[in-house]
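The following note sets out numbered points for a colleague beginning to read this structure. Please keep the sequence and the model in view while working through them.

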Amino acid sequence: MQELTLVIPTTEHKEDAWAFRQEFIDNGEPKIYGSGGLIKAADYESWLTKVINQQTTAEPGKVTSTTYFAVADGRIVGTVQVRHELNEFLLRAGGNIGYSVRPSERRKGYAARMLALALQKCKELGMKKALVTCRKDNIASARTIQKCGGVLENEVVVDNKIIQRYWIKI
Ligand SMILES: CC(C)(COP(=O)(O)OP(=O)(O)OC[C@H]1O[C@@H](n2cnc3c(N)ncnc32)[C@H](O)[C@@H]1OP(=O)(O)O)[C@@H](O)C(=O)NCCC(=O)NCCS
């Protein structure tokens with residue numbers, strides 16, 4: 001099995017990060033979950049500055065967070081964001097952890113491994129449990145959360161979509 005690590009983005013990732021972003025665009029996905037808005041970024045440098053700042057300074061209405069690249073064999077296979085605490089929105093629907101796997105790297109088991117690594121980061125932050133949520137119709141994400149020990153608390157409706165809220169003990 002390929003080694004998988006979570007790394008803090010640096011300028012070195014520029015080319016691969018932009019190719020990673022393009023794959024989501026080419027796949028018709030409007031959002032890259034757990035990426036701190038990479039798809040909306042005007043350029044890599046401004047995105048990098050933003051996500052590094054988010055580690056220590058919360059933007060209005062947000063909490064501090066750490067955004068990671070999941071890297072296997074020197075290639076970015078996913079993004080994961082750990083939100084350091086829960087505000088009202090995150091407690092209701094967003095959760096502590098968001099993630100995406102690059103379209104060409106899906107169905108290889110990366111998501112569950114990324115979530116497990118993110119839970120380790122939560123532990124290092126002193127968290128005892130993490131809230132992880134997904135749309136009910138996102139079978140792959142629900143399976144990923146369940147594989148990492150997620151216990152379904154309830155389902156809520158947000159913007160006409162059913163969101164499942166799972167807690168994972170760390
Ligand atoms: C959800 C996502 C992260 C899963 O990533 P992945 O690396 O392909 O997932 P894995 O290979 O680890 O598979 C996890 C489980 O889901 C299943 N699965 C994966 N893709 C599936 C699909 N399209 N349909 C049904 N099941 C699927 C796998 O079989 C596996 O279950 P199993 O272990 O019981 O066999 C990925 O599809 C993705 O990035 N989607 C877009 C962004 C997103 O939805 N992020 C989560 C927001 S909550």
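1. Strand 1, residues 4–7, pairs with strand 2 in the antiparallel sense, over four bridges. As one position to locate in this pairing, L4 stands opposite A72 in strand 2. The model is a predicted one, and the remarks below should be read accordingly.

2. Strand 2 also pairs with strand 3, residues 75–83, again in the antiparallel sense, and here there are eight bridges. Within strand 3, G78 is the residue that stands opposite A70. The two strands form a hairpin with two residues between them, and D73 in the turn has a positive phi of about 55°.

3. How many of the eight residues of strand 2 are buried? Six of them are, and the strand, which spans residues 65–72, is accordingly described as mostly covered.

4. A second group of strands deserves separate attention. Three strands make an open sheet in the order 5-7-6, with antiparallel pairing. Strand 5 and strand 6 (151–158) are the edge strands, each of them pairing on one side only. On average, neighbouring strands of this sheet are turned by 25° against each other, direction ignored.

5. The pairing of strand 5 with strand 7 (residues 161–169) can be followed residue by residue. The two run antiparallel and are joined by seven bridges. A130 stands opposite I168 in strand 7, and the bridge partner of T133 in strand 7 is R165. Helix 5 packs on this sheet, where it touches strand 5 and strand 7, and its direction makes about 160° with that of strand 5.

6. Why is strand 5 said to be largely enclosed by the rest of the structure? Five of its seven residues, in the stretch 129–135, are buried, and the description follows because of this count.

7. Helix 4 has 15 residues and reaches 21 Å from its first C-alpha to its last, close to the 21 Å expected at 1.5 Å a residue. Its buried residues are Y110, A111, R113, M114, L115, A118, L119 and C122. Just after this helix, G126 takes a positive phi of about 90°.

8. The ligand is surrounded by 19 residues, the closest being R106, A111, C134, A140 and R143. Strand 4 (97–101), helix 4 (110–124) and helix 5 (139–147) each supply at least two residues of this shell. Which element gives the most to the shell? Helix 5 does, with six residues. By character, the residues of the shell divide into nine nonpolar, five polar and five charged.

9. Two backbone angles merit a closer look, because most residues other than glycine have a negative phi. R107 is not a glycine, yet its phi is positive, near 65°. R107 is found in the loop between strand 4 and helix 4. Is R107 buried or exposed? With 8 other C-beta atoms within 10 Å, R107 is exposed, because a residue counts as exposed at 12 or fewer.

10. N160 is the other residue to examine: it has a positive phi of about 65° although it is not a glycine. N160 lies in the loop between strand 6 and strand 7. Only 5 other C-beta atoms lie within 10 Å of N160, so by the cut-off of 12 or fewer N160 is exposed.

Conventions
Residues numbered from 1 in each chain as written. Predicted model: local features only at pLDDT ≥ 70, side-chain atom pairs only at ≥ 80, totals over all residues. Near = placed C-beta within 6 Å. Nonpolar A, V, L, I, M, F, W, Y, C, P; charged D, E, K, R; others polar. Buried ≥ 20, exposed ≤ 12 C-beta atoms within 10 Å, placed from the backbone. Pairing = 2+ DSSP bridges. Axes fitted to C-alpha atoms, helices over the stretch in contact; angles between N-to-C directions. Contact = placed C-beta atoms within 7 Å. Expected span 1.5 Å × (residues − 1).
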